[in-house]
Amino acid sequence: SWGKYGDRYSNAPETITDSMIVYEDDYFKKHTWLWDGKPHWAYKAGYMSRVQDRKSIEWTPNTIASKVTIKGNEARIELNSNTPNLQFYQMKELPGGTWENISNTLKIELKKDRNETVFRTMNLAGVTGPEHRIIIER
């Protein structure tokens, strides 16, 4: 199971944070989850959200999804990430650029026939996520 709330210990006391998400595949349907020798309390308590789409619950943190819109010689890039404690995004133009801190939305002037840019996340602990590469060729 996965906790429904990623901020369990910082929620208001009246918020129910015991809700869990479970993947309802054939295995789950044919087996009973036991807690202290009995069916788990969440079955009857109503705190179990069942999902059939595995992609809804299995995601890779720190990765980036991007939306790129091109108008003329300019690319507008929007970045989105499920990075716990995200501090900022970073960008580096290739070849040979250096990392610079950026916001999640930016515009890049397309100066070359091949424009290659790499992005990554950085969390509050200074840990970076995997590189996300965008190549725009004219």
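Trainee: How many bridges join E7 and E10?

Mentor: This is a predicted model, where local features need pLDDT of at least 70, side-chain atom pairs count only at pLDDT 80 or more, and totals for chains, interfaces and linings use all residues. Residues are numbered from 1 along each chain as its sequence is written, and side-chain values use heavy atoms, with hydrogens and water left out. Strands (E) here are DSSP runs of at least two residues, numbered from the N terminus, and two of them pair if DSSP finds at least two bridges between them. E7 and E10 run antiparallel, and the bridge count is five.

Trainee: Which residue of E10 is the bridge partner of Ile 77?

Mentor: Strands of a sheet pair through backbone hydrogen bonds, either parallel or antiparallel. For Ile 77, the bridge partner in E10 is Leu 106.

Trainee: Which are the edge strands of that open sheet?

Mentor: The sheet has three strands, in the order E6-E7-E10, with antiparallel pairing. An edge strand pairs on one side only, and that goes for E10 and for strand E6 (64–71).

Trainee: Which element gives the most to the largest nonpolar core?

Mentor: A nonpolar core is a set of buried (under 20% relative accessible area, 1.4 Å probe, protein chains only) Ala, Val, Leu, Ile, Met, Phe, Trp, Tyr and Cys residues joined through side-chain atoms within 4.5 Å. The largest has 13 residues, and Ile 77 and Leu 106 are among those with the most contacts (heavy atoms within 4.5 Å) inside it. Strands E7 (74–81), E8 (86–94), E10 (105–109) and E12 (132–137) give two or more residues each. With three residues, the top contributor is E7.

How values were computed
Buried < 20%, exposed > 50% of the residue type's maximum accessible area, 1.4 Å probe, protein only. Helix = DSSP H or I, 4+ residues; strand = E, 2+ residues; numbered from the N terminus.
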